[in-house]
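Let's take a walk through this model together, starting at one small turn and working outwards. Keep the structure open beside the text as you read.

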Number of protein chains: 2
Amino acid sequence: MTGTIDDVVIEDSAVPGLEADRGLVSRKSTTERVAGVLRKRIAEGFFLPGGRLSEQDIGNALGVSRNTLREAFRLLTHERLLAHELNRGVFVRIPSVDDVVDIYRVRKIIECAAVRGVTAKPASFARIKEKVEIGDEAARTGNWKDLGTANVWFHQELAALSGSERVNELVGRLTAELRLVFHIMAEPRRFHERYLPRNHEILDRIEAGDGPGAEQLLMKYLEDAEEQLVGAYADRADAARAASAAE
Amino acid sequence: MTGTIDDVVIEDSAVPGLEADRGLVSRKSTTERVAGVLRKRIAEGFFLPGGRLSEQDIGNALGVSRNTLREAFRLLTHERLLAHELNRGVFVRIPSVDDVVDIYRVRKIIECAAVRGVTAKPASFARIKEKVEIGDEAARTGNWKDLGTANVWFHQELAALSGSERVNELVGRLTAELRLVFHIMAEPRRFHERYLPRNHEILDRIEAGDGPGAEQLLMKYLEDAEEQLVGAYADRADAARAASAAE
DNA sequence: ACAGTAGAGATCGTTGAACAATTCCACAAG
DNA sequence: CTTGTGGAATTGTTCAACGATCTCTACTGT
């Protein structure tokens, strides 16, 4: 063990404000780049929930070795985007109803807490407003895909009010997981549209510095969205039951 | 892609209640077992923060190949226990002051929300009480190490009141990360002791079904703990500054 | 004496091949 | 219709190899 504990120095940088560019300097390993590609593909529905990701095929397609690919799989499995079954391979995860309920349980806790703390106008107002307007524009032009992503961004900005790196990361993961849910839903397009006016209401309360008010609206918002998704799952189950009974 | 979206069936098993044993059947991959070993070693301080984990050495010591070991490293890096530096290797992470602040930010949100929701007596009361008593016993016998872990368990039980799998996992990760912080502190033994009576106070309020009351106490508890840790970091920084100035 | 540099050694990043273990699928047998 | 039983396909894991990158030392020139 080379390093000792005394390496713990609270670094006050000699060139403040430059550390932000560190991300631009640091190259990324192949594993991370592969994971990024797969993450994007999963998000956009190229790999559908339940589908298997063959080491051989994807390795060939991306031009990376099996070992490197497996490391990327581990990353995404850890993010709950993939499910790893021993000796069977990795599959795009199929969130269960319980998952949906749990995801919203966490979202209620996190996002509501972030919004509740709002009192004065923080600097990130513009960012939230921006996301709402992007959503409006997408709805006006009928671009349902963009509407969905704008909505996701909106909620990520809300969570960002907490000012916590870990909260941001967590919410990012949760929404990525939710995208899987949307992909297994029959009609995802209209899902986000009905929540557009409520985005405005929440933004208004935040702009007014009314944290508790915004929280109340957001809580109701999340409860409704959850109920709708759970309902969609129940419909699927009913349909499956009816189909198997009809044989 | 073999599986289709229609695989999403809410399975009503032919043998209800047996799926719970699925975890017992599934063996674990070598990667996961290795990750488990490393996780434990890091938690108990065998690998100290800042120390480098050589692929070669640890691979030989554990009798696994470099590839398998690297997969395990990815897992732990994702949990923020290890830090991965390209072409330099993996190191036991050294949490910064910002990390400590952020960890407590999240803990306040999560644990307080979990505790706030308590109204009637849930079934998990006994579990919480148990953890408090384990802490008492450890303090009585002067077993500071056990006191620390008992305290961690206490908070994990508090978080478990939320009834969310994801919250449990998150808090588990945060406390694992906090253990790193404790390892770089000079005198970790006495740290937990002073919070013992406050554990009792919080437990009392929970048993009384007074969620908001418990939340208030818990919030103060977390604020004090955070302040103490941040203070310890500042001391370290001062000491480092003095040392370098004396040369 | 000192800054800069070249090079050797160590370690990581990534690949490719190999073999064992396991699962999957089709087909035969009861 | 259910229960073995093969063989093919895929994953789990190891090993060896080579280029890339970092680290440290020793050397050079001023």
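Start at the hairpin of E2(B) and E3(B), where three residues lie between the strands and Asn87(B) takes a positive phi near 65°. Please bear in mind that this is a predicted model. On either side of that turn, strand E2 (residues 82-85) of chain B and E3(B) run antiparallel and are joined by four bridges. One pairing to look for is His84(B), whose bridge partner in E3(B) is Val90(B).

Now see what else E3(B) pairs with. Strand E1 (residues 52-53) of chain B is joined to strand E3 (residues 89-92) of chain B by two bridges, and these two strands also run antiparallel. Here Leu53(B) stands opposite Val90(B). Val90(B) is thus a good residue to centre your view on, with His84(B) as its bridge partner and Leu53(B) opposite.

Move over to chain A, where three strands form an open sheet in the order E1-E3-E2 with antiparallel pairing. Strand E1 (52-53) and strand E2 (82-85) of chain A are the edge strands, each pairing on one side only. Two bridges hold the antiparallel pair of E1(A) and strand E3 (residues 89-92) of chain A, and in that pair Leu53(A) stands opposite Val90(A).

Next, turn to the DNA. Which residues come nearest to DNA strand D? Among the 17 residues around this strand, they are Gly89(A), Thr30(B), Ser65(B), Asn67(B) and Thr68(B). Both chains contribute helices here: helix H3 (55-62) and helix H4 (66-78) of chain A, and helix H2 (30-43) and helix H4 (66-78) of chain B, each supply at least two residues of the surface near DNA strand D. By character, the residues of that surface are two nonpolar, 12 polar and three charged.

For DNA strand C, there are 17 residues around the strand, and Thr30(A), Ser65(A), Asn67(A), Thr68(A) and Gly89(B) come nearest. The surface near DNA strand C draws at least two residues each from helix H2 (30-43) and H4 of chain A and from helix H3 (55-62) of chain B. Its residues divide into two nonpolar, 12 polar and three charged.

Finally, follow the helices. A packed pair is described by the angle between the two axes and the distance between them. In chain A, helix H6 (residues 125-140) and helix H7 (residues 144-160) have axes 8 Å apart and pack at an angle of about 165°, which makes H6(A) roughly antiparallel to H7(A). The crossing is left-handed. Residues of H6(A) in this contact include Ile128(A), Val132(A) and Ala139(A), while those of H7(A) include Leu147(A), Trp153(A) and Phe154(A). Over the contact as a whole, there are 10 nonpolar, two polar and four charged residues.

In chain B, look at helix H6 (residues 125-140) with helix H10 (residues 196-207): their axes come within 10 Å and cross at roughly 160°. H6(B) and H10(B) are therefore roughly antiparallel to each other, and their crossing is left-handed. Among the residues that meet are Phe125(B), Ile128(B) and Val132(B) in H6(B), and Leu196(B), Leu203(B) and Ile206(B) in H10(B). The residues of this contact comprise seven nonpolar, three polar and three charged.

How values were computed
Residues are numbered from 1 along each chain as its sequence is written. Chains are lettered from A and ligands numbered from 1 in the order in which they are written. This is a predicted model: local features need pLDDT of at least 70, side-chain atom pairs count only at pLDDT 80 or more; totals for chains, interfaces and linings use all residues. Axes are lines fitted to C-alpha atoms, for helices over the stretch in contact, and angles run from 0 to 180 degrees between N-to-C directions. Angles under 35 degrees count as roughly parallel, over 145 as roughly antiparallel, 65 to 115 as roughly perpendicular and the rest as oblique. A crossing is left-handed if the near helix is turned anticlockwise from the far one by less than a right angle, and right-handed if clockwise. Two residues are in contact if their C-beta atoms, placed from the backbone, lie within 7 Å. Ala, Val, Leu, Ile, Met, Phe, Trp, Tyr, Cys and Pro count as nonpolar, Asp, Glu, Lys and Arg as charged, and the others, Gly among them, as polar. A residue is near a molecule or strand if its C-beta atom, placed from the backbone, lies within 6 Å of it. Two strands pair if DSSP finds at least two bridges between them.
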